[in-house]
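Have the model open beside you, and let us walk through it together. We will start from one residue and work outwards.

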Amino acid sequence: MYLTKEEEQILNGEAGETLRQAIEILVALGDIYGADRLIPIKSAQIAGVSYKTIGDAGLEWISDLQGKVKVPTILNPAGMDLENWKRLRISPDFAEKQKLIIQAYEKLGIKCECTCTPYTLEGFDVGYGDHLAWSESSAVSYANSVLGARTNREGGPSALSAALLGKTANYGFHLDENRLPEILFEVEYPLEKSNYGALGYVAGKLAGNRVPIFHLRNSPDVDELKALGAAMAASGAVALYHVEGVTPETRRVDFKEPAEKITIEKKQLDEVYESLNKACKEPELITIGCPHCSAAELEKAAELLKGKTVSKEFWVFTSRGLAKRYPEYIREIEKSGAKVVCDTCMVVSPATNNYSCVMVNSGKALAYVPGMCGAQAIYGSMEACIKEAVGETTNKAGGSY
Amino acid sequence: MVPIKLKGRTISRGCAKGEILLSRDPISFLGSVDPKTGVVIEENHVLEGKSIQGKVLVFPQGKGSTVGSYVMYQLKKNGVAPAAIINLETEPIVAVGAIISEIPLVDMLERNPYEVLNNGDLVLVNGSRGYIELIKQKTGKTESK
C-alpha cells in the first residue's frame with residue numbers, strides 16, 4: 001500500500017503513539033483487503049459504545065487513548081438514555097460504566113450524539129460519492145444505498161482510527177467495482193410500510209454479504225428504504241443495495257442485470273408477520289424506532305397515539321437531535337404513557353432483557369432481540385404495535401396487509 | 001541445526017520471542033479466553049485449559065465477535081497476553097486486537113507454520129520486518145503434529 005511521506009512519518013511514531021497505532025490499524029486492514037492508498041473521509045460514526053456490548057475490555061481501551069478526531073464524528077447508540085436512564089430501570093453500576101465510556105469518547109473530540117441515524121443530524125450531511133467511515137450496519141447501508149455515499153462497515157477501532165486520521169483505506173465499497181449488483185430480487189406485488197422491513201428480513205438471509213438490486217412494483221420512501229436496509233444488514237450482511245429507479249446509483253450507473261435472480265413471494269413476507277400468531281405469549285413490551293425514528297415516524301406515532309392511553313410498556317427510540325427539534329411530537333407520544341427514549345435502542349440496552357416477549361416493527365430488531373436480549377420477538381407494523389400497546393387488539397392479528 | 005527464517009506479511013509491528021503454542025482451531029478471544037488468566041476456556045477447543053500467556057500463539061485465523069479485539073487488549077493489560085501471534089491468514093478482529101495490544105503479528109508465511117513449528121520451539125517474531133525465526137527446537141520432541 002502506498003503511503004505519502006507524511007503518512008510514513010505517522011507510522012514511524014513521529015506524530016505520537018495514538019496516531020501511530022491508528023495508522024497501523026488502517027494499513028493492516030488495507031493490506032488485508034488490498035487497498036492501494038489512504039483516502040480522506042468526510043465523517044465517522046463509531047461502534048462499540050454500549051457497555052452491554054463492549055464491557056470492561058472496550059472501556060479500558062477507549063480510556064487509554066489520547067488525541068482529537070479530525071472529522072465530524074458521532075457514536076452508535078449507547079446502552080441507555082444518557083439523560084434519563086433511571087426510567088428504564090438501568091442499574092446504577094451499568095449507568096456508571098456507560099457514562100465512563102461516553103466521557104472517554106468525548107475526550108477525543110467526539111460529539112456525544114448516540115444514534116444509528118446520523119444522516120438526520122444537523123451538520124452531519126452526506127452527499128453522493130462522499131467517502132465515510134461509519135460503523136452501525138443500518139447507517140452504513142443507508143449511506144451507501146440511499147445517499148450514494150461510500151463506506152465499509154467499520155469496526156469500532158477502525159472507525160475511531162479513521163476519525164483520528166481523517167482518512168480510511170481505499171478498499172471495499174469505496175471502489176466502483178465492488179458496488180455492482182450481484183443478485184436480483186424481484187417482487188411482483190405492491191408493498192407498503194412495514195412490508196419493507198419484512199422484505200429485508202427475508203432478502204438479507206438470501207443475499208448473505210452480496211450486493212442485491214431490487215425490482216419493485218412501487219417506489220419506497222426514505223423511511224421504508226431505511227427499514228429495508230436495516231433488516232438486510234441484520235438477517236444478512238448486506239452493506240449496500242440498489243432499488244432500480246429509486247436509489248441514486250441506479251440512475252447514474254448503467255448496471256448489468258445480475259445472472260442470479262430470485263422472486264420473493266408474498267407468502268415469504270407473510271411468514272415474518274406470522275411470528276405474532278405463533279408467539280406462545282402476548283408481548284409484554286412494545287418498541288418502535290429501530291433504526292431510530294425519523295421526524296416523519298415520530299409525527300405518525302404521535303398522530304396514532306393522540307387521545308389514547310397505553311396499557312402496556314411502550315418505548316419509542318429516536319435520536320436526541322430529533323427529539324429536541326420536535327418537542328411537540330414527543331409531548332403527544334408521552335401523553336399516552338409511552339416513553340420516548342434517546343441515545344439507545346431495544347437491542348443494545350440491557351432494559352429489554354427484563355422482558356420475555358417483545359413486539360417490534362423492525363426486521364432488524366426481529367433478528368437481534370432474541371440473541372441479544374434473551375426475549376422472544378414478534379413483528380407487526382407501527383399501527384399494529386400501537387394497537388397492541390393501547391389494548392385495541394381483539395385477536396392476535398398482526399401485520400398490515 | 002540450521003536456523004530457519006521464514007518471511008511473512010506484517011500485520012502488527014514489534015518484535016518478541018516465546019515458545020510456540022499451536023492451535024489448529026480458530027480462536028475467538030471473546031468468550032474463549034479468560035481475560036484475567038489467559039487460559040483458554042472454550043469447551044472442546046484444542047487448547048482448552050492451556051494458558052496462552054507469553055507464548056507465540058499459532059492459529060489459522062480469528063472468529064466470532066468484534067469485541068474480541070478489546071479482549072486481547074485486556075489480556076495485555078493483565079499481563080497474560082501471548083508474546084506474539086502467527087496466523088495462516090489474519091482477519092480484521094485479530095489484526096486490530098494485536099495492533100491495539102502491541103502484540104507482534106505476522107501472517108501468510110512462505111511455508112506452512114504447522115509443518116515447520118512444534119509446540120515448545122523457541123521462536124522470534126519480527127512483526128516490523130515481517131518474518132519469524134526458529135531459534136531453538138524443543139529437544140527430545142516426541143509429539144506428533
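Val202(A) is buried, because 23 other C-beta atoms lie within 10 Å of its own, and 20 or more count as buried. Keep in mind that the model is predicted. Val202(A) sits in helix 7 of chain A. Leaving aside residues up to four places away in sequence, Val202(A) touches Ile264(A), Gln268(A), Leu269(A) and Val272(A). Glu265(A) is 63 residues from Val202(A) along the chain, yet 10 Å separate their C-alpha atoms.

Now step back to the domains. The domain assignment splits chain A into domain 1 (5-175), domain 2 (180-272) and domain 3 (278-390). Between the centres of domain 2 and domain 3 of chain A, taken over C-alpha atoms, there are 24 Å. Their contact involves 15 residues from domain 2 and 16 residues from domain 3 of chain A. On the domain 2 side, helix 7 (195-207) and helix 8 (222-235) of chain A each contribute at least two residues. Helix 8 of chain A gives the largest share of that side, with eight residues.

Chain A also meets chain B, through 18 residues from chain A and 19 residues from chain B. Helix 2 (17-33), helix 3 (51-64) and helix 6 (156-165) of chain A each bring at least two residues to the chain A side.

Here is how the residues divide by class in three places:

| Contact | Nonpolar | Polar | Charged |
|---|---|---|---|
| Side of domain 2 of chain A that touches domain 3 of chain A | eight residues | four residues | three residues |
| Side of chain A that touches chain B | eight residues | seven residues | three residues |
| Helix 12 of chain A with helix 14 of chain A | six residues | no residues | two residues |

The helix pair in the table deserves a visit of its own. The axes of helix 12 (residues 295-305) and helix 14 (residues 327-335) of chain A come within 8 Å and cross at roughly 35 degrees. The crossing of these two helices is left-handed. Helix 12 of chain A contributes Leu298(A), Glu299(A), Ala301(A), Ala302(A) and Leu305(A), while helix 14 of chain A contributes Tyr329(A), Glu332(A) and Ile333(A).

Two of those residues lead on to another: Val316(A) touches Ala301(A) and Ile333(A), and its other contacts include Ile288(A), Cys293(A) and Val341(A), not counting residues up to four places away in sequence. Val316(A) is among the residues with the most contacts inside the largest nonpolar core, which has 171 residues. Others in that group include Leu26(A), Met346(A) and Val56(B).

Notes
Residues numbered from 1 in each chain as written. Chains lettered and ligands numbered in written order. Predicted model: local features only at pLDDT ≥ 70, side-chain atom pairs only at ≥ 80, totals over all residues. Axes fitted to C-alpha atoms, helices over the stretch in contact; angles between N-to-C directions. Helix = DSSP H or I, 4+ residues; strand = E, 2+ residues; numbered from the N terminus. Left-handed = near helix turned anticlockwise from the far one by under 90°. Contact = placed C-beta atoms within 7 Å. Nonpolar A, V, L, I, M, F, W, Y, C, P; charged D, E, K, R; others polar. Domains from an automatic or database assignment. Core = buried A, V, L, I, M, F, W, Y, C linked by C-beta atoms within 7 Å. Buried ≥ 20, exposed ≤ 12 C-beta atoms within 10 Å, placed from the backbone.
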